[in-house]
Amino acid sequence: MASLPSVAVTRTPKSESEFRKYSASFLPSEKSPSVSYQRSTQLDGVSEARCLDFREALSFIREGTKVESAFYVPILQECIDKKLVSDAQKIHAHIVKTGAHKDAFLMTFLVNVYAKCGTMETARKVFDELPRRNVVSWTTLMTGYVHDSKPELAVQVFREMLEAGAYPTNYTLGTALSACSDLHSKELGKQIHGYSIKYRIEFDASIGNSLCSLYSKCGSLECAVKAFGRIRDKNVISWTTVISAWGDNGEAATGLQFFVEMLSECVEPNEFTLTSALSLCCVMQSLDIGTQIHSLTIKLGFESNLPIKNSIMYLYLKCGWIHEAKKLFDEMETISLVTWNAMIAGHARMMDFAKDDLAAHQCGTEALGIFLKLNRSGMKPDLFTFSSVLSVCSSLVALEQGEQVHAQTIKTGFLSDVVVGTALVNMYNKCGSIERASKAFVEMSIRTLISWTSMITGYAQNGQPQQALLLFEDMRLAGVRPNKITFVGVLSACSHAGMVDEALDYFQMMKNEYKITPVMDHYACLIDMFVRLGRLDEAFDFIKEMDLEPNEFIWSILIAGCRSQGKLELGFYAAEQLLNLKPKDTETYNLLLNMYLSAGKWKEVSRVRKMMKEEKLGRLKDWSWISIKDKIYSFKRNARSHAQSGEMYELLGNLHEKAKSFGYEWEESLEVTDEEEDADEEKALTSIVYHSEKLAIAFGLLNTSNAVPIRVTKSISMCRDCHNFIRIISLLSAREIIIRDSKRLHKFINGHCSCGDFGTLI
């Protein structure tokens, strides 16, 4: 952006009093819903004066009677308060007709009216026709452009003002800095900062606050804090700005420290301060401080303030206080859409922080229930509602509900929004409906990097790697620059297709052409590829050449491959490396237990079990869910409490016998389960026939028509036996079966799985 004209640093204001002479604000200190207007005219030599209400005053003007300039101001103020643009235009016409347009103050006030009513073209036209301009008129026009989300025009007006030789006030500079903040123009902001230093006004609160906000938005936290420190008389806006600055730049703890310091300085927080502090508590999941702030809001009389209640509710949801959040929600007399969205987004967010998949599933189900209540309330969802709900449907693999939301987005017109469109693509991908995901992607009028990446990843996860790579090339031709997540999808596609040379070429492209530093997920894709192809030595060599220290997932992939292909020595080495990391995941230990069991190494089995006790790891919680006709059914391992248990077990027994003719053999596996009967003895050779996903599939086969795909979500990874069995079931039943477990998507069609049968390595 161009520099400010030289006049900004060569002219000197005559005096500080002259510099501060004008106020940029036209708003009265107190507003009243009832405004009276003094009519003062000469009728037959007699002075008549009486009070008129707004409509009477407006009718009086329509008569064409000439009035004093002061008569217009309160009427125009009413137009501002009620956004009455058409009435303002009528008053404007009367002003011109009666010759009052020669009054500079009145016409400047009219600029303010149009600016605050959002009609900036008219505001600019009135400004250009002003008989003379002062700092108030310049500042008013600038402020209008900032509020109208046109900061570049505000900066242009500021430059015109300086070139005209006008002297900015602290309000003018604050407005110019706000425009720089919106533009993220640090360099131009520094020039204005220099101007404020030259004339010794950077200590002013309005300028200091704007500087603090500017530097914060531009990522210069140190400069933001320094700007705050130079403010002579810090007000609540100053403190709120610096607290937000710390939070926006990843320093939530320090932001809360400043909040405490503000209270110690006896500065009373406003609603914006409190919502900022509560958002920092959300980031840190600091329930202790959050509850204290909640108490403070009640003490200060903010208990009915909607933004604050929403912030408290969201904090409680994120910290797992579902009951308290629901209590706040139920106590609200009027529920705004923001509140509904906070509840839905809060439950969706809790799915990511839930202690296990079972708890996450419960949160997601509750979110869908809240969305249903929102629809029944008669209030219309917005794009934030739809994006949150579609995210929940993705996590739950709730395709039926997702399709209903899709239909609602079409009906309400929100499907055209890029955020909603991308969420829809992601939902269909996660539910294994790649055809509908592709259709939704093609129909998007605008595609972002996230949209492209979601579709590329979807193709890779749904067993269509060639389509993923073709789409990646289309994205590059469209001029969209890929990021590290995009390359995870690309490398995953290469892994599924066994395209070693192409994968290594893309890996080099990522590093050399796009200057992206590889992260663990990129290495995992390549190692996964070598393991799938049985090239374990190459996988191990690649691990040794990594720039990063291998994590639990890397060693787990290698162990799974070694166990499958009988390379036990390499597997034992990888197991030792994995144990050195002291993993916290029960599934990882289960993988080790099975490898040592298959090799008959009982000493190592005992060692792993001992480590699990030391790490205080719980047992595996094997749960699966299936959604049929808007109702979600859950199953646990070996469960027999369901009304159709007899039919389900009979069906599984028949399928088990039929599967034997296709070469299926039941495998034993050592597991650490959550079953009560295993409380005294963790080691148990279990009947894998009745793992939770098998029960869910049996229920689906019994309760859906032959053409309907079966979609199941599982809380942990599928074992090798279940993967082999379900693969054969898809052939026997001629059904498409989709299982999303804790590691990946498995789409079984005609005896084949989209994972490339990598699930058989587990």
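Q: Buried means under 20% relative accessible area, exposed means over 50%, and partly exposed is what lies in between. With that in hand, why is Phe662 called partly exposed in this predicted model?
A: Phe662 has a relative accessible area of 45%. That is not under 20% and not over 50%, so Phe662 lands in the in-between class. You'll find Phe662 in the loop between helix 36 (645–660) and strand 5 (670–671).

Q: What makes Phe662 eligible for a nonpolar surface patch, and which residues make that patch?
A: Patch members need over 30% relative accessible area, and Phe662 has 45%, so Phe662 clears that bar. Phe662, Leu731 and Leu732 make the patch, which covers about 250 Å².

Q: Why does Ser220 count as buried, even though it sits in a loop?
A: Go by the number: Ser220 has 11% relative accessibility, and the cut-off is under 20%, so Ser220 counts as buried. Its loop runs between helix 12 (205–217) and helix 13 (221–229). Leaving out neighbours within four places in sequence, Ser220 is in contact with Lys186 and Tyr215.

Q: And how do you know that Ser311 is buried?
A: Ser311 comes in at 17%, which is under 20%, so buried is the right word. Ser311 belongs to helix 18 (residues 306–318). Beyond neighbours within four places in sequence, Ser311 is in contact with Thr275, Leu278 and Cys282.

Q: What makes Ile192 a buried residue?
A: Its relative accessible area is 1%, and the limit is under 20%, so Ile192 is buried. Ile192 lies in helix 11 (residues 186–198). Leu177 is 15 residues away from Ile192 in sequence, with 7.2 Å between their C-alpha atoms.

Q: Why is strand 3 described as mostly covered?
A: Six of its six residues are buried. Trp623, Trp625 and Ser627 are buried on one side, and Ser624, Ile626 and Ile628 are buried on the other.

Q: How do you know that strand 3 pairs with strand 4 and with strand 7?
A: Pairing takes at least two bridges. Strand 3 and strand 4 have six bridges, so they qualify, in the antiparallel sense. Strand 3 and strand 7 have three bridges, so they qualify as well, again antiparallel. For particular bridges, look at Ile628 with Lys631 in strand 4, and Trp625 with Thr713 in strand 7. In the hairpin of strand 3 and strand 4, two residues sit between the strands, and Lys629 takes a positive phi near 50°.

Q: What makes strand 8 and strand 9 a pair?
A: Four bridges join strand 8 (residues 737–740) to strand 9 (residues 745–749), and a pair needs at least two, so they pair; the two run antiparallel. One of the bridges matches Arg740 with Leu745 in strand 9.

Q: Why are strand 4 and strand 10 called edge strands?
A: The open sheet has six strands in the order 4-3-7-8-9-10, with mixed pairing. Strand 4 (631–636) and strand 10 (752–753) each pair on one side only.

Q: Which helices pack on the sheet, and what do they touch?
A: Helix 21 (residues 357–376) touches strand 3 (623–628), strand 4 and strand 7 (710–714), and makes about 25° with the direction of strand 3. Helix 37 (residues 692–703) touches strand 3, strand 4, strand 7 and strand 8, at about 15° to strand 3.

Note on methods
Residues numbered from 1 in each chain as written. Predicted model: local features only at pLDDT ≥ 70, side-chain atom pairs only at ≥ 80, totals over all residues. Heavy atoms only, no water. Contact = heavy atoms within 4.5 Å. Axes fitted to C-alpha atoms, helices over the stretch in contact; angles between N-to-C directions. Patch = residues over 30% accessible without salt bridge, like charges linked within 9 Å, V, L, I, M, F, W, Y side chains within 5 Å. Areas by Shrake-Rupley, 256 points an atom, 1.4 Å probe, with all protein chains shown as cover. Salt bridge = Lys/Arg side-chain N within 4 Å of Asp/Glu carboxyl O. Buried < 20%, exposed > 50% of the residue type's maximum accessible area, 1.4 Å probe, protein only.
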